[in-house]
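Let's take a friendly walk through this protein together. Have the structure open beside you, and we will go helix by helix.

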Amino acid sequence: MAAVTALGLGKTMEKKLHSVGVHSAEELIEIGSRQAVFRLKEQYPNTCVVILYHLESAIRGIEIKQLDDNCKSELKSYFKQL
């Protein structure tokens with residue numbers, strides 16, 4: 001199993017993901033960015049929508065600036081419901 005940092009996420013994010021039960025890149029990919037940010041938001045109420053963008057881009061293997069506007073809009077709508 002690969003470390004979360006293998007997806008381009010930092011050590012701080014890796015620690016936060018570990019604290020909510022996500023211990024590998026494969027687990028993050030399996031649960032997806034939305035479930036991951038849902039868990040993070042419960043544990044860390046100050047989690048912002050940009051974290052969701054970072055998780056999604058990491059899962060897709062792209063840079064955050066490569067997320068298209070439609071994807072960002074869908075993610076933002078989801079985040080507002082949390």
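## Exposure, and a first residue

A residue counts as buried when its relative accessible area is under 20%, as exposed when that value is over 50%, and as partly exposed in between. With that in hand, please keep in mind that the model you are viewing is a predicted one.

Let's try the cut-offs on His-18, which has its place in helix H1. Its relative accessibility is 33%, so His-18 counts as partly exposed. In sequence, His-18 and Val-4 are 14 residues apart, while 9.1 Å separates their C-alpha atoms.

## The annotated span

The UniProt record, an unreviewed entry, annotates residues 9-77 as "domain: TfoX C-terminal". Helix makes up 71% of this span and strand 0%. Between the C-alpha atoms at the two ends of residues 9-77, the distance is 23 Å.

## Two sides of H1

Which residues of H1 are buried? They are Met-13, Glu-14 and Leu-17. Viewed down the axis of H1, these buried residues fall within an arc of 105°, and therefore they line one face of the helix. The cover over them includes H2 and H3.

Turn the helix around and you find the exposed residues Lys-11, Thr-12 and Lys-15, carried on the face of H1 that is turned away from its buried side. Just after H1 comes Gly-21, with a positive phi of about 90°.

## How H1 meets H2

Two packed helices are described by the angle between their axes and the distance between the axes. For H1 (residues 11-19) and H2, the axes come within 10 Å and cross at roughly 85°. An angle from 65 to 115 degrees counts as roughly perpendicular, so H1 is roughly perpendicular to H2.

On the H1 side, the residues in this contact are Met-13, Lys-16, Leu-17 and Ser-19. They meet Leu-28, Ala-36, Leu-40 and Gln-43 of H2. By type, the residues of the contact comprise 5 nonpolar, 2 polar and 1 charged.

## How H2 meets H3

What angle do H2 and H3 pack at? It is about 175°, and their axes are 10 Å apart. Angles over 145 degrees count as roughly antiparallel, which means that H2 is roughly antiparallel to H3.

H2 brings Leu-28, Ile-29, Gly-32, Ser-33, Arg-34, Ala-36, Val-37 and Leu-40 to this contact. H3 answers with Ile-51, Leu-52, Leu-55, Glu-56 and Ile-59. The residues of the contact divide into 9 nonpolar, 2 polar and 2 charged. Leu-28, Ala-36 and Leu-40 of H2 take part here and also in the contact with H1.

## A buried loop residue and an exposed helix residue

Now look at the loop between helix H2 (25-43) and helix H3 (49-60), where Thr-47 lies. Is Thr-47 buried or exposed? Thr-47 counts as buried because its relative accessibility is 11%. Leaving aside neighbours within four places in sequence, Thr-47 is in contact with Val-37, Leu-40, Lys-41 and Phe-79. Val-37 and Leu-40 are also among the H2 residues that meet H3.

Lys-80 offers another case, and is found in helix H4 (residues 69-81). At a relative accessibility of 65%, Lys-80 counts as exposed. From C-alpha to C-alpha, Lys-80 and Ile-62 are 24 Å apart in space, with their positions 18 residues apart in sequence.

Technical notes
Residues numbered from 1 in each chain as written. Predicted model: local features only at pLDDT ≥ 70, side-chain atom pairs only at ≥ 80, totals over all residues. Heavy atoms only, no water. Helix = DSSP H or I, 4+ residues; strand = E, 2+ residues; numbered from the N terminus. Buried < 20%, exposed > 50% of the residue type's maximum accessible area, 1.4 Å probe, protein only. Contact = heavy atoms within 4.5 Å. Axes fitted to C-alpha atoms, helices over the stretch in contact; angles between N-to-C directions. Parallel < 35°, antiparallel > 145°, perpendicular 65-115°, else oblique. Nonpolar A, V, L, I, M, F, W, Y, C, P; charged D, E, K, R; others polar. UniProt positions renumbered as here; feature names shortened; annotations may be inferred. Arc of directions from axis to C-beta.
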